[in-house]
Amino acid sequence: MSHRPIMLGIVGDSAAGKTTLTKGIAQVLGPENVTVICTDDYHRYDRRQRAEIGITALHPDCNHLDIMQQHLSLLRTGQPILKPIYSHKTGTFEPPQYIKPSKFVIVEGLLGYSTRGARDSFDVKVYLAPPESLRAQWKIKRDTQKRGYTAEQVKAELEKREPDSEQFIRPQRQWADVVVSFYPPQDSFDQSNGHLNVRLVLRPTIPHPDFTQILDIISSHPHPAIRLDLDRDMNKPVDVLEVDGHATSEQVDELEKIICNDMPPHLSHFCSRESNPELGKVAGTTGETIQSYPLAMTQLLITYHMLKATQIYQPITV
């Protein structure tokens with residue numbers, strides 16, 4: 001008998017912060033326990049072919065979604081796959097890679113929730129939804145520094161992709177258990193990652209920690225850095241948890257306790273910033289490492305859900 005992997009989906013548009021979020025979660029769970037794959041490897045056409053055809057990488061017809069869905073189903077049952085590899089640096093395909101799933105599998109990409117079969121493969125589904133203006137800044141910075149584009153080329157690509165983003169990427173938000181939106185404070189022109197706030201939409205599709213415990217704590221502050229409220233997202237009722245970028249270590253300690261106290265003792269070593277100093281670490285605008293408490297709490301909450309899933313899934317025979 002062997003236990004199947006726990007599957008986490010992280011979906012969002014290009015440069016929405018998927019890789020940054022993934023890295024911290026993988027560090028907490030232990031790199032040796034985590035397999036990370038990218039669904040963008042399932043592109044049907046390379047960069048030159050896409051330009052010739054006039055199709056963007058965001059369009060479902062530009063991706064082998066049937067093979068992606070099949071591979072996710074295989075990974076969920078603990079079976080290996082021969083995964084295609086797409087190089088964002090060269091815009092071409094490389095030899096496929098043999099992937100054997102670890103205890104946890106994190107799947108990030110553009111179209112991970114685009115089919116029912118793919119969605120059913122995940123234990124936890126996250127969607128990243130930063131403001132479009134902020135995402136554009138991140139994409140320009142990344143693609144000019146790491147992928148050899150000019151700022152003008154990136155802006156033109158964003159404009160070209162916008163119709164497909166609206167039609168195919170953003171609607172996947174409806175399938176997420178947690179919607180993560182990092183955003184800059186209204187009174188700040190500093191939009192570096194370390195000073196961003198986060199808004200977490202918590203859908204009742206999975207059981208979240210009882211965050212109502214913080215209401216008494218935050219009610220004593222006129223301008224609390226951590227807020228909990230009821231709202232509607234895509235016309236459905238949700239809880240919304242917000243953490244400001246200026247929150248102090250003492251303030252987020254209370255939030256961390258709520259998350260970690262709900263974990264069984266044998267898993268508690270995974271669940272604290274003290275045990276995981278890499279939580280919330282992100283590169284600043286000048287390359288220095290910044291500690292972001294909103295990012296740390298987001299990574300910790302998602303890790304919590306993955307660890308809780310290990311208690312309820314059924315073993316399978318392989």
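Are α5 and α6 parallel, perpendicular or oblique to each other, and what puts them in that class? In this predicted model, the axes of the two helices cross at roughly 135°. Angles over 145 degrees count as roughly antiparallel and 65 to 115 as roughly perpendicular, with the rest oblique, so α5 and α6 end up oblique to each other.

## The overall picture

Let's zoom out for a moment. The protein has nine helices and twelve strands. Of its 318 residues, 52% are buried. As for contacts, take those with a sequence separation of 6 or more: 69% of them join residues 24 or more positions apart.

## How α5 meets α6

Back to the opening pair. Helix α5 covers residues 132-146 and helix α6 covers residues 151-169, and their axes come within 10 Å. The crossing of α5 past α6 is right-handed.

On the α5 side, the contact uses Glu132, Arg135, Ala136, Lys139, Ile140, Asp143 and Thr144. Facing them from α6 are Ala151, Val154, Lys155, Leu158, Arg161, Glu162 and Ser165. Sorted by class, that contact has seven charged residues, five nonpolar and two polar.

Val154 is a handy residue to click on here. It sits in helix α6, and its relative accessibility is 2%, so it counts as buried. Beyond its neighbours within four places in sequence, Val154 is in contact with Lys139, Ile140, Asp143, Thr144 and Tyr149. Its C-alpha is 7.0 Å from that of Asp143, with the two positions eleven residues apart along the chain.

## How α1 meets α9

Now for another helix pair. Helix α1 (residues 18-29) packs on α9 at an angle of about 55°, with the axes 9 Å apart. That makes α1 and α9 oblique to each other too, because an angle counts as roughly parallel under 35 degrees and as roughly perpendicular from 65 to 115. Here again the crossing is right-handed, with α1 passing α9.

The α1 residues in this contact are Thr20, Leu21, Gly24, Ile25, Val28 and Leu29. They meet Leu295, Thr298, Gln299, Ile302, Thr303, Met306 and Leu307 of α9. The class count is eight nonpolar, five polar and no charged residues, whereas the contact of α5 with α6 has seven charged ones.

Leu29 belongs to helix α1 and is buried, its relative accessible area being 1%. Setting aside neighbours within four places in sequence, Leu29 is in contact with Val34, Phe104, Phe270, Thr303, Met306 and Leu307. Leu29 and Met306 are 277 residues apart in sequence, yet their C-alpha atoms are 9.3 Å apart in space.

## The nonpolar cores

Which helix gives the most to the largest nonpolar core? That core has 57 residues, and Leu8, Ile25, Val126, Phe211 and Leu241 have the most contacts inside it. Helix α9, residues 293-309, is the top contributor, with eleven residues. Apart from this core lies another one of 27 residues, including Tyr42, Leu72, Ile99 and Ala176.

Ile25 links the core to the helix pair described above. It is one of the α1 residues that meet α9, and it is also among the residues with the most contacts inside the largest core. Not counting residues up to four places away in sequence, Ile25 touches Leu8, Ile10, Ile106, Gln299, Ile302, Thr303 and Met306.

## Around residues 82 to 86

Two more residues are worth a look, Asp41 and Pro96. Asp41 is placed in the loop between β2 (34-38) and α2 (47-53). Is Asp41 buried or exposed? With 9% relative accessibility, it counts as buried, since the cut-off is under 20%. Leaving out residues up to four places away in sequence, Asp41 touches Lys83, Pro84, Ile85, Tyr86 and Phe93.

Pro96 is found in strand β4, which spans residues 92-99. Its relative accessible area is 47%, so Pro96 is partly exposed. With the same residues up to four places away left out, Pro96 touches Leu82, Lys83, Pro84 and Ile85. Pro96 and Ile85 are eleven residues apart in sequence, and their C-alpha atoms are 5.5 Å apart in space. Lys83, Pro84 and Ile85 are thus touched by Asp41 and by Pro96.

Conventions. Residues are numbered from 1 along each chain as its sequence is written. This is a predicted model: local features need pLDDT of at least 70, side-chain atom pairs count only at pLDDT 80 or more; totals for chains, interfaces and linings use all residues. Side-chain values use heavy atoms; hydrogens and water are left out. A nonpolar core is a set of buried Ala, Val, Leu, Ile, Met, Phe, Trp, Tyr and Cys residues joined through side-chain atoms within 4.5 Å. Buried means under 20% relative accessible area, exposed over 50%, partly exposed in between (1.4 Å probe, protein chains only). Helices (H or I, at least four residues) and strands (E, at least two) are DSSP runs, numbered from the N terminus. Contact means heavy atoms within 4.5 Å. Axes are lines fitted to C-alpha atoms, for helices over the stretch in contact, and angles run from 0 to 180 degrees between N-to-C directions. A crossing is left-handed if the near helix is turned anticlockwise from the far one by less than a right angle, and right-handed if clockwise. Ala, Val, Leu, Ile, Met, Phe, Trp, Tyr, Cys and Pro count as nonpolar, Asp, Glu, Lys and Arg as charged, and the others, Gly among them, as polar.
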